[in-house]
Amino acid sequence: MRTPWVVGVSGASGTPYAASVLRGLLDAGESVDLVVSRAARLTILDETGSPLRDGHWKDDLARWLDRDLTEADLVFWPAGDLAAGPSSGSYPARGMVVVPASTAACAGIALGLSKDLLQRAAEVNLKERRPTVLVPRETPVTRSHLQHLLELDAAGAVVLPASPGFYGAGAAATAAQLVDFVAGKILDAIGVAHDLSPRWTGGISGGSPAAGPPSGPATEN
């Protein structure tokens, strides 16, 4: 039985994080169901210059990911389709990632509003006790946002802020490296193997970008 990861892209800035996660899942041979909110389409257009249209989603997505998707196990669901597969708990899914997760999406999921398919699918994954990761990017945060994130944590979600590390590479880290660092953390959280960033092996790199570890107790306080 096909059991995909559901990836939801909301309207917050940070769509490169979503692209890196999608590439990582597809590179790992995973099945993916994609839901892109209406606001996210505007953000993708602003951040990439490319549209994401229902009728041409595969071509548009291939351009966004810079990837041939001919052989990809990928299903696209319009955000307004509340009768779509991921809207039901009986639909088989391994879990869901919302990346980036806007404050509105976090609030809607925390409150169970099911405003669109993205929110409904996330609520379904939470109630079915499947791995659910939300990647908020907003800063600074308000009290209400923090309360919603606490509610999501209490419901079983992993709240994984888009906070890239600068280990090893420091200020010389490229934007792509920082994006992949966060995407790697997301894939780690759902147990999908990847090679998006190097692993901590112990020791200090001495500032060498090539040898710098992505995380580790010796470099965090």
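Which residues of α2 are buried? Let's work up to that. One caution first: this is a predicted model.

Start with the sheet. It is open and has six strands. The order runs β3-β2-β1-β4-β5-β6, and the pairing is parallel. At the edges sit β3, residues 74-78, and β6, residues 158-159. Each of those two pairs on one side only.

Look at the β6 edge. Strand β5, residues 132-136, runs parallel to β6, and two bridges join them. Here L134 stands opposite V159 of β6.

Now the helix. On the sheet packs α2, residues 38-48. Helix α2 touches three strands: β1 (5-9), β2 (32-36) and β3. Its direction makes about 90 degrees with that of β2.

Back to the opening question. The buried residues of α2 are A40, R41, T43 and I44. Note that an arginine, R41, is on that list. Why do we say that they line one face of the helix? Look down the axis of α2: the buried residues fall within an arc of 165 degrees, so one face holds them.

What covers these buried residues? Strands β1, β2 and β3 are part of the cover. So are two helices, α1 (15-27) and α3 (57-65). Buried here means under 20% relative accessible area.

Turn α2 around. On the other side, R38, L42 and D46 are exposed.

Last stop, the end of the helix. After α2 comes G49. The phi of G49 is positive, near 80 degrees.

To recap: α2 packs on the sheet, with A40, R41, T43 and I44 buried and R38, L42 and D46 exposed on the other side.

Methods. Residues numbered from 1 in each chain as written. Predicted model: local features only at pLDDT ≥ 70, side-chain atom pairs only at ≥ 80, totals over all residues. Heavy atoms only, no water. Pairing = 2+ DSSP bridges. Helix = DSSP H or I, 4+ residues; strand = E, 2+ residues; numbered from the N terminus. Contact = heavy atoms within 4.5 Å. Axes fitted to C-alpha atoms, helices over the stretch in contact; angles between N-to-C directions. Buried < 20%, exposed > 50% of the residue type's maximum accessible area, 1.4 Å probe, protein only. Arc of directions from axis to C-beta.
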